[in-house]
Amino acid sequence: MHETTMINEVNDRNWIKTEVLIIGSGFSGLGMAVALKREGKRDFIVLERANDVGGTWRDNTYPGAACDIQSHLYSYSFRPNPRWSRVYAPQPEILDYLRTTAQEEGVIPHVKFNATAINARWDPVESVWCVITTAGEYKALALVSAAGHLSDPSYPNIEGLSSFEGEVFHSARWDHSYSPENQRIGVIGTGASAIQIVPELAYVAEQLTIFQRSAPYVIPRRDHIYSEAEKGMFAHFPEAAQELRDELFWGNETRFPQRRQVPAFIEQVSTMALNHLKNQVPDEKLRQDLTPDYAIGCKRILLSNDYYPTLTQPNVSLQTAGISHIDKHGVVLKNQDRVDLDLLVVATGFEAADLPIAELIHGVDGESLAEKWKDGGQAYACTTVSGFPNLFMMLGPNTGLGAGSMIFMIETQINYIKGGIGFICDNAALIEPEAKAQHRYVESIYQRSGGSVWLEGGCSSWYLHPRSQRLTTLWPDFMTQFRKENGSFSPDGYQVTTRAPQEQQLLARQA
Ligand code: N01
């Protein structure tokens, strides 16, 4: 559409105006909303495509879903929960935590549910973001994309998948109306989701087949149920919960040298993983099939005590021959063997390298973020993008972690964005990173990625962008370094312009 036509059309609409528009109410969007609410200075609206908060923790309801980061660390530092039931809380408990947070922090009235953003465009005339959703149109001075990187399922591109006449669903879109009991079930994938699902399905399936493309490294999961005494202690002595949180944080932080391939660190963790495999899988052929052929840490290291033992059960088999195609009855392997199935679970991950949200956000020249990012995401301070004024990306380029709690990254970004929004609103400003500053920043990330296990570990993973093979999803340094660099907003590196006086009217509050 021609730009002028678009603007005219835009002017004819019944816009809802706000200072800050947040897309998404998962851990990041909700955390951002709580920060703005607590600050009490800004109008803000949260757009949520579903009818509930919670993001990936609302969507991933598969059997066995739980966090593989300890809950006392995988929770907001500003809302500790002394009553986590166990070290690694199950999904319903995490979702409940997020719902309670949204309620108790007064965020719910700000959330527009069932509102899917379908287009976000920078309007150069009024200098605002115009966001069209399935439930209304919005104009905002600042746009925060908090759509997450594990929100849109990635389906495998396997010939014949659509011809399968049994049931098929993605791990992130579990169909609870389907009973897996006494069924012949196949699971494609052996990532973090699959290894939680497999032991659960094995209990009920007549026959369970796991289609493995590459073997994961698995280490013991040191879980336990918190006793009432422990929970009481965390409730009465918040400093004890904080001490535990700090200990867990530093435990992860000191694992970063593994990802830099420091030999002593690598050896320690790979010995742990291979011993775990040896202890749990006596059969030599099965053990061989389960032995990864790449350096540990290149893909996510998984935590499980029951995945390997499940694979030794008589109703479970591991297929490593590779999938040739799928037909109406089931899966045909590259060695021509076939596995007939009633249910096929695709546990094949998410669209994390090419974020779908990037397709609908258009900057000053009308180009989408996806077009700008065709070789992978690039952002200044991992958060703002040249050509996209007053836009903040949460969990955008290079914010993922190989080991550690994403909540630390989220809270760091919340603080940065809160500062940026304050600067925009208090100074009637438009901010956009200078192209040169962004380039320098991204180059520093590429430099730090060099020599890491993600680039050199000999695996293929979603951490690397499929076209450029650059590390565009993970942060390649210590988490503390992320906070040092990106923990507070400074206008340095930004092109700052001031709004024309008539544009100030848009600052007028909706209420
Ligand atoms: O997805 P994945 P996930 N044919 O992308 C295989 C988070 N998470 O949903 O390894 C055959 O890791 C693919 O094979 P390969 C966590 O950050 C957290 O499991 O590429 N196989 C792989 O085995 C995690 O990293 C928790 O060779 C195909 C699997 O599918 C992220 O979510 C729990 C294939 C995909 O693994 C994603 O995890 C769960 C094909 N065409 C998830 N395509 C917590 O506990 C893909 N595969 C916090």
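A residue counts as near a molecule or strand here if one of its heavy atoms lies within 4 Å of it. With that cut-off, the ligand has 23 residues around it, and Ala 66, Asp 68, Ser 193, Ser 214 and Lys 299 come nearest. Before going on, some housekeeping: this is a predicted model, where local features need pLDDT of at least 70 and side-chain atom pairs count only at pLDDT 80 or more, while totals for chains, interfaces and linings use all residues. Residues are numbered from 1 along each chain as its sequence is written, and side-chain values use heavy atoms, with hydrogens and water left out.

Let's stay with the ligand. Sorted by class, its shell holds 11 nonpolar, 8 polar and 4 charged residues; the scheme takes Ala, Val, Leu, Ile, Met, Phe, Trp, Tyr, Cys and Pro as nonpolar, Asp, Glu, Lys and Arg as charged, and the others, Gly among them, as polar. Helix H5 (residues 192-204) gives the largest share of that shell, 3 residues. Helices and strands here are DSSP runs, numbered from the N terminus (H or I, at least four residues, for helices; E, at least two, for strands).

Now for polar contacts, meaning pairs of N or O atoms within 3.5 Å (within protein, one must be able to donate a hydrogen and the other to accept it, and residues adjacent in sequence count only if both atoms are side-chain atoms). Ser 193 puts a polar side-chain atom 2.6 Å from an oxygen atom of the ligand. Ala 192 uses a polar backbone atom instead, 2.9 Å from a ligand oxygen atom, and a polar side-chain atom of Trp 462 is 3.4 Å from an oxygen atom of the ligand. On its own the ligand has 900 Å² of accessible area, and the protein covers 84% of that (Shrake-Rupley method, 1.4 Å probe; for residues, only the protein chains shown count as cover).

H5 also has a place in the fold: E8, H5 and E9 make a right-handed β-α-β unit. Right-handed means that, with the strands pointing away from the viewer, the path from the first strand over the helix to the second runs clockwise. Strands E8 (residues 184-188) and E9 (residues 207-211) pair in the parallel sense over 5 bridges, where pairing takes at least two DSSP bridges between the strands. Follow Thr 209 in E9: Gly 186 stands opposite Thr 209, and so does Ser 317 in E12. E9 and E12 (residues 316-319) run parallel, joined by 4 bridges. Of the 5 residues in E9, 4 are buried, that is, under 20% relative accessible area (exposed is over 50%, partly exposed in between; 1.4 Å probe, protein chains only).

Back towards the start of the chain, strand E1 (residues 16-23) runs parallel to E2, with 4 bridges between them. Helix H2 (residues 27-39) carries the chain from E1 to E2 in another β-α-β crossover, also right-handed. In a regular strand the side chains alternate between the two faces of the sheet. E2 (residues 44-47) has Phe 44 and Val 46 on one side and Ile 45 and Leu 47 on the other, all buried. Val 20 stands opposite Phe 44, while Val 46 has Val 111 in E3 as its bridge partner.

Finally, a backbone oddity. Most residues other than glycine have a negative phi. Asn 114 has a positive phi near 55°, and Asn 398 has one of about 55°. Asn 114 is partly exposed at 47% relative accessibility, whereas Asn 398 is buried at 3%.
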